[in-house]
Amino acid sequence: MRDAVRARRAFWVLWVSVLAVKLLIAARLPLFVDEAFYWQEGQHPAAAYSDLPGLTAWLTRLGVAFGENTFALRLPFLLIGAAVPLLMVHIASREFGTKVGWQAGLLTLLLPLAGSLGLMALPDAAMALATLLCLDAGARLLRQVSAQAALELAAGLALGALCHYRFIAVIVVGFIALVLLEDGRRALRDVRVMVAIAFGASAWAPLVAWNLDNADAGLRFQLVDRHPWSFHADGLLFIAVQALLVTPLLFAAMAVAARRSLACASTVSRYFALLGTGVVAGFFALGFFADTERVSFHWPLPGYLALMPLVPAVLASWPRAWRLATVWLAAIGLVANLGYYVAVSSATWREASAAEKWYPSNFAGWEPLADAVRARTATMPAGTRVVADNFKIGAELGFALGDARIPVLDHPINQKHGRAPQLRLWGLHTEGRSQWGAAPVLLVVGATEVKYRDLLDRYHALCEMVGPLPAPEVLNIDHGRQRFLLFALQGTPAAGPCTTPSMAWIDAPVIGARVGRRFDVRGWAFKDGVGLSGVDVTLNGVAVGQARYGREFEGLQRVWPRSNDPLHPKVGFEARVDLTGRDIRPGRHWLGLRLHGRDGSVETWAEQPIELAD
């Protein structure tokens, strides 16, 4: 009894603490791209959408009813996330005793993937809740079929169906687990369970109807287009990545719990083990053939939740030192997970990480972009429309400006993320000048949303849609790691070749190079349509030298055959930078370029870090 009291007290202290921290983070964390699009979906009420069933969008609509801000948007998800460990306590307490129940709830809070649930307006929180409802209902049905258990099963199945296509994994594995158990087969033959399953199946009807009406676009994206469906060895990383995310000792405890419980006499324990192991193993196998470009590390979470009620018994058999190590390592993992979001919330940290692979681009730059758009449209004619060149900008600007109907141009990432069909259904896909005519438009382009080797082709595609591009207003966020271009389009497009923003590269010094107070800068730069008249070298945004522009630089037109800069191949530059006598301290500084077009345009290029020696 004393252990149960201590576990209960620890649970409530941690539950309140984690919820308080998540509320604070949610109020400061910049809006993630997917959250912005789910908000946009919520502003266009429907039963289902191209990327998801309807529940996530409905919850965002409910959230912003309490305020047009990110905290209100996330509030329903935070509350659902807070309910998940409470339901875990209920399940484990009934099946294995009060002490185990509080311990399982405590471990659920410490599990980094579960402890951070609801921090963002994403489908995972509701899907975790649906998983536990089905888990709880299944355990009750194995003992005795009742109307209450069947009703809970129906609610869990329906909730999961409204969350995500991925919930199909829970349904399939859960059904197989029941079939493999004698008591499960008995339960499945009961008419009340059949009705519950039928009700859960009917919740997929809106998604099925949407796909039937739209040539299976959503289903094709989730199951075909986004996956290579060819073997790749990246799946081998699954165990290492999951062990790190779950934390190694807790991951090992789950593995031991699954092995023991699969051979256990307890039907409920075997059911939990079958469901948890099946989901995790299924996603492990899928990892050898599925999408590796987008985030998928959170997919096995329903499996871990199914195994969690079994873990306290395993930890009870371990030496006290190992039990404490497991708990503290999980706590460190949770703090690290939440700490990442705290760091992402800091503009200073985002700027400092601009040159790193882990730079959080999907969180960065949206507020400065919205400010720049407001300022620019204020100088343009009344009735100027804002047009985005991809769905990310359209959704993020839409949230910031309170406009869920910002038109979006055709863009590869609209297709890559399965959002293009939805934009067309809303009537927000625009072909460009052929639809706008001479109406004033502020076109907002994300220059870092395509790979650099494809950027010039993207600019030429924009020319085909809107004509030669005027001089842009350049917005470099975090030294240009996130880069936006604002084009004021007024009247009919000018005749002539495709004019694009400048392209450039610094060959020397390389990123992160250590240099003295005198160093050489070499590279190339060009501007299609008109060419460049000069290049300035900048350090921390201040000009420190003028480059000699126009040296021979062969080969760029082989890389970009469509390039029409009239100065090719004389597009190389070199400069001698002398910082002697300048009040510039040793350490990290940011080297950049200022590009002068022959049409009078001036563009600031992205910066790269260098280390200045003593």
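Trainee: Which residues does F297 touch, not counting residues up to four places away in sequence?

Mentor: In this predicted model, F297 touches L113, V241, Q242 and L245. F297 sits in the loop between α16 (267–286) and α17 (301–307).

Trainee: Where is F238 relative to F297, in sequence and in space?

Mentor: F238 and F297 are 59 residues apart in sequence. Their C-alpha atoms are 8.2 Å apart in space.

Trainee: Is F297 buried, partly exposed or exposed?

Mentor: F297 is partly exposed, because its relative accessible area is 37% and the partly exposed class runs between 20% and 50%.

Trainee: Let's turn to helix packing. How do I read the pair α21 and α22?

Mentor: Two packed helices are described by the angle between their axes and the distance between the axes. Here, helix α21 (residues 366–378) packs on helix α22 (residues 391–401) at about 75°. The axes are 10 Å apart. That angle makes α21 roughly perpendicular to α22.

Trainee: Which residues make that contact?

Mentor: From α21 come W366, L369, A370, V373 and R374. From α22 come K392, I393, E396, L397, A400 and L401. By class, the contact has eight nonpolar residues, three charged and no polar.

Trainee: Now the core. Which members of the largest nonpolar core touch the most other members?

Mentor: They are L111, M254, Y271, V311, L369, L397 and V444, in a core of 146 residues. Helix α7 (residues 124–143) gives the largest share of this core, 14 residues. L369 and L397 are also part of the α21 and α22 contact.

Trainee: What is V444 in contact with, leaving aside its neighbours within four places in sequence?

Mentor: V444 is in contact with L369, V373, V386, V387 and A388. The list goes on with D389, I393, L397, L485 and L486. Apart from the largest core lies another, of 51 residues. Among its members are L462, M465, A504 and I610.

Trainee: On to strands. What is the strand order in the open sheet of four strands?

Mentor: Strands of a sheet pair through backbone hydrogen bonds, either parallel or antiparallel. In this sheet the order is β7-β9-β13-β12, and the pairing is antiparallel.

Trainee: Which strands stand at the edges?

Mentor: β7 (503–508) and β12 (548–551) do. Each has a single partner strand, so one side of each is left without a neighbour in the sheet. Neighbouring strands are turned by 30° against each other on average, direction ignored.

Trainee: How many bridges join β9 to β13?

Mentor: Seven bridges join β9 (residues 518–526) to β13 (residues 572–578). Take two pairs as landmarks. G523 stands opposite F573, and R522 stands opposite E574. Three bridges join β12 to β13. On that side, R551 stands opposite G572 in β13.

Trainee: Which helix lies across β7 and β9?

Mentor: Helix α26 (residues 452–466) does, running at about 160° to β7.

Trainee: Next, the hairpin. How many bridges join β10 to β11?

Mentor: Four bridges join β10 (residues 532–539) to β11 (residues 542–546), and the two run antiparallel. The bridge partner of V537 is G545 in β11. The hairpin has two residues between the strands.

Trainee: What about backbone geometry? Which sign does phi of N540 have?

Mentor: Most residues other than glycine have a negative phi, and most peptide bonds are trans. N540 has a positive phi, near 55°. N540 lies in the loop between β10 and β11. Its relative accessible area is 40%, so N540 is partly exposed.

Trainee: How does T247 read, buried or exposed?

Mentor: T247 is buried, with a relative accessible area of 3%. T247 also has a positive phi, about 85°, although it is not a glycine. T247 sits in the loop between α14 (237–246) and α15 (248–262).

Trainee: Where do I find a cis peptide bond?

Mentor: One joins A508 and P509, with omega about 0°. P509 is in the loop between β7 and β8 (514–515). The bond from H568 to P569 is cis as well, with omega near 5°. P569 lies in the loop between α27 (556–559) and β13.

Definitions and conventions
Residues numbered from 1 in each chain as written. Predicted model: local features only at pLDDT ≥ 70, side-chain atom pairs only at ≥ 80, totals over all residues. Heavy atoms only, no water. Axes fitted to C-alpha atoms, helices over the stretch in contact; angles between N-to-C directions. Parallel < 35°, antiparallel > 145°, perpendicular 65-115°, else oblique. Contact = heavy atoms within 4.5 Å. Nonpolar A, V, L, I, M, F, W, Y, C, P; charged D, E, K, R; others polar. Core = buried A, V, L, I, M, F, W, Y, C linked by side-chain atoms within 4.5 Å. Buried < 20%, exposed > 50% of the residue type's maximum accessible area, 1.4 Å probe, protein only. Pairing = 2+ DSSP bridges.
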